Amino acid sequence: MSTKPTIKRRGAARVRGKQRTRRRAAPRRREATAARLKRELNEALQQQAATAEVLQIIASSPGEPQPVFDAILKHARRICDAEFGNIYRWDGEALHIVAWHNTPAAFAAYRARTPFRPGLTSLIGRMIKTRTVAHVADAAVNEEYIKRRDPSLVAAIEIGGVRTYLGVPMLKDDEVVGAITTFRQEVRPFTDKQIALIADFANQAVIAIENTRLLNELKHRTEELGRSVAELQHERANKLMNLEAMTASISHAVRQPLASIASNGGAALRFLRHAPPNLDETRLALDRMVSDSHLASQVFDNIRALFGKADHGHESIDVNELARGVLQSLGQEFERHGVATDVALTAVLPPIMGHKGQLQEVLINLVRNAIEAMADVADDRRLLRVSAERDAGNQIVVAIEDSGPGVDPRQSAKLFDAFVTTKAQGMGLGLALCRMIVERHAGALSIEPGVPRGSIFRLVLPAATCGGT
Amino acid sequence: MNGRPEPQPLVFVIDDDASLREALSSLFRSVGLQVKTFASASEFLSFKMPDGPTCLVLDVRLPGLSGLDFQAELAKAHIDIPIVFMTGHGDIPMTVRAMKAGAVEFLPKPFRDQDMLDAVQIGLERDRSRRKNADDAAKLKAIFDTLTSREQEIMGLVTAGLMNKQIAGELGVSEITVKVHRGNVMRKMGAKSLADLVRMADALGVRRGA
């Protein structure tokens with residue numbers, strides 16, 4: 001584009017000069033000049049139309065540079081009067097062919113197999129290094145071909161039948177991002193104007209690549225942002241849920257003794273109103289009130305023990321010992337509910353670091369859940385399996401399996417949301433609280449269906465690394 | 001009605017918390033009610049139901065199954081017993097479900113002792129009247145069974161609104177015979193009027209064409 005006015009001016013000056021000196025030859029020269037100008041104008045219009053079309057394709061396919069490459073090669077070949085052309089992209093190590101137009105199939109296949117690598121020993125390698133145009137008027141007499149047998153040039157000549165060869169780097173911020181090559185199968189060098197046009201196309205290809213990159217990056221960032229927002233929301237919901245679960249659990253634990261106290265109080269007052277007052281019954285009711293009050297305050301002691309100084313209570317725990325202790329303490333419950341136990345501990349397990357009281361409560365709750373789950377099963381089929389082992393990732397896995405009817409897989413995720421508290425003695429934590437405690441130990445608590453029936457609760461805790469406090 | 005002393009009312013308590021069982025037992029005894037407590041639903045089911053009004057005090061969450069499911073199970077087994085629910089959660093949808101299924105009351109823990117006693121009294125009263133209805137029906141059936149088959153037939157036709165003449169025609173007997181049978185039916189059934197007899201026939205389901 002920029003060369004056009006200069007040529008015109010120069011041409012016009014020459015015409016004026018010649019008019020003065022040789023008047024007779026003027027008409028024929030004017031005709032020739034007019035024809036040349038017309039041809040040049042046509043060329044310029046063609047180039048402009050091609051450039052405009054490529055720009056239009058860039059605008060209409062922002063996420064996809066391929067249509068842009070195809071259009072560039074189509075126009076470049078036509079306007080520059082080349083036999084065929086290729087476009088390559090740089091991946092940080094080599095140039096890989098990504099588009100070709102009219103290229104002999106065997107040559108395109110060779111290029112696909114053999115990407116260009118930078119280096120001063122080959123033509124294209126040098127183009128990548130120096131970021132300059134590589135223009136070879138006759139490849140067959142080029143010393144790279146004759147002396148050095150540059151393999152890419154050998155392929156171009158012997159597979160592609162190439163004689164004249166033009167390689168233009170695609171540059172972004174002075175970095176090679178790709179290249180356009182155009183070929184002629186006869187010896188006819190490309191003009192400066194043609195080379196300038198290919199350079200323009202190279203710039204357009206860079207814009208298309210950049211557009212795609214930016215768009216994809218934007219998409220990626222947006223998705224990432226969306227994901228982290230969702231994660232934050234989930235985390236927040238989890239925290240609220242844990243709080244809710246804890247409140248519900250505490251409130252349930254306290255309501256029970258309060259109901260007893262109120263009932264005993266009512267009974268005592270009424271026994272006093274009997275005629276004569278029933279002092280024995282009154283005394284018994286009052287005694288029960290006192291012990292219920294202790295029970296209520298014990299709830300708070302337990303909570304404080306469990307959650308108050310959560311991080312202080314960490315100690316080294318032998319999971320085998322923990323499991324054995326829990327099973328022993330629940331021995332009477334197994335007997336009462338007719339539950340047989342099958343305990344498979346692994347002899348030597350690395351210790352874990354954690355809050356013993358909390359993990360104990362978790363195990364107690366999981367075992368109690370299992371007992372409850374088997375209430376409707378025939379007596380001789382109530383079997384509780386407890387195992388502890390170490391997995392490949394140096395984690396301790398405790399599995400608690402019941403032979404109950406099992407949990408509907410669609411419901412099992414909700415199981416941890418709905419804070420179904422197990423009551424009776426102890427804290428009666430819900431599964432939501434159990435999971436919270438386990439997660440605070442960097443572990444995981446999950447449920448899966450048992451075989452052939454029942455459920456398996458799997459408690460995974462990381463083994464302590466050496467030298468734990 | 002006939003002066004037979006009413007069997008003692010009995011309150012059942014099912015809760016797996018021993019201290020609450022004892023407290024409730026004491027509360028009910030303090031107002032002269034008999035109490036039987038159970039730690040689980042299955043213990044309750046293996047108990048032989050006494051002859052007398054009863055009421056069941058039940059926690060919505062029992063070991064192994066929910067109180068609501070237990071309520072449904074009792075209904076399926078035609079065990080008709082008024083239920084007072086207790087809950088430690090104050091769960092509104094649960095309350096609605098229980099009340100719809102015929103619960104007497106739904107008391108959140110801790111409840112006022114008087115509220116519990118009132119609820120149980122309502123439950124016992126409800127059971128008393130259910131038992132009386134069932135009792136009356138049984139008595140009526142027993143009297144009806146003392147009628148001869150011809151008298152039973154005539155009772156069905158009379159209470160359907162047929163006149164003596166029509167009945168005589170239908171049965172192929174004289175009008176006088178119908179009149180005699182009709183008098184016997186009224187006397188034996190202890191009906192004070194035709195309307196009274198119609199009510200009895202309805203209760204027995206013997207009214208012809210009704």
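Select A:Ala205 in this predicted model, and then show the residues that A:Ala205 touches, which, leaving aside those up to four places away in sequence, are A:Val68, A:Phe69, A:Ile72, A:Ile87, A:Met170, A:Gly178 and A:Ile180.

Next, widen the selection to the largest nonpolar core, which has 48 residues, and pick out A:Ile72, A:Ile180, A:Ile198, A:Phe201 and A:Ala205, the members that touch the most others in this core. Colouring helix H8 of chain A, residues 192-273, will show the element that gives the most to this core, with 7 residues. Apart from this core lies another one, of 39 residues, and to find it you can select A:Ala262, A:Met289, B:Val57 and B:Val104, which are among its members.

Now turn to chain B, where a cartoon view lets you follow 9 helices and 5 strands, arranged along the sequence in the pattern β-α-β-α-β-α-β-α-β-α-α-α-α-α. Of the 210 residues in chain B, 32% count as buried, and, among the contacts in this chain between residues at least 6 apart in sequence, 61% join residues that are at least 24 apart.

Finally, select the place where the two chains touch, to which chain B brings 23 residues and chain A brings 27 residues. On the side of chain B, look for helix H1 (18-30) and helix H5 (113-144), each of which supplies at least two residues, while H1(B) provides the largest share of that side, with 8 residues. If you colour the side of chain B that touches chain A by class, you will find 10 nonpolar, 6 polar and 7 charged residues there.

Methods. Residues are numbered from 1 along each chain as its sequence is written. Chains are lettered from A and ligands numbered from 1 in the order in which they are written. This is a predicted model: local features need pLDDT of at least 70, side-chain atom pairs count only at pLDDT 80 or more; totals for chains, interfaces and linings use all residues. Two residues are in contact if their C-beta atoms, placed from the backbone, lie within 7 Å. Helices (H or I, at least four residues) and strands (E, at least two) are DSSP runs, numbered from the N terminus. Ala, Val, Leu, Ile, Met, Phe, Trp, Tyr, Cys and Pro count as nonpolar, Asp, Glu, Lys and Arg as charged, and the others, Gly among them, as polar. A nonpolar core is a set of buried Ala, Val, Leu, Ile, Met, Phe, Trp, Tyr and Cys residues joined through C-beta atoms within 7 Å. A residue is buried if 20 or more other C-beta atoms lie within 10 Å of its own, exposed if 12 or fewer, and partly exposed in between; C-beta atoms are placed from the backbone.
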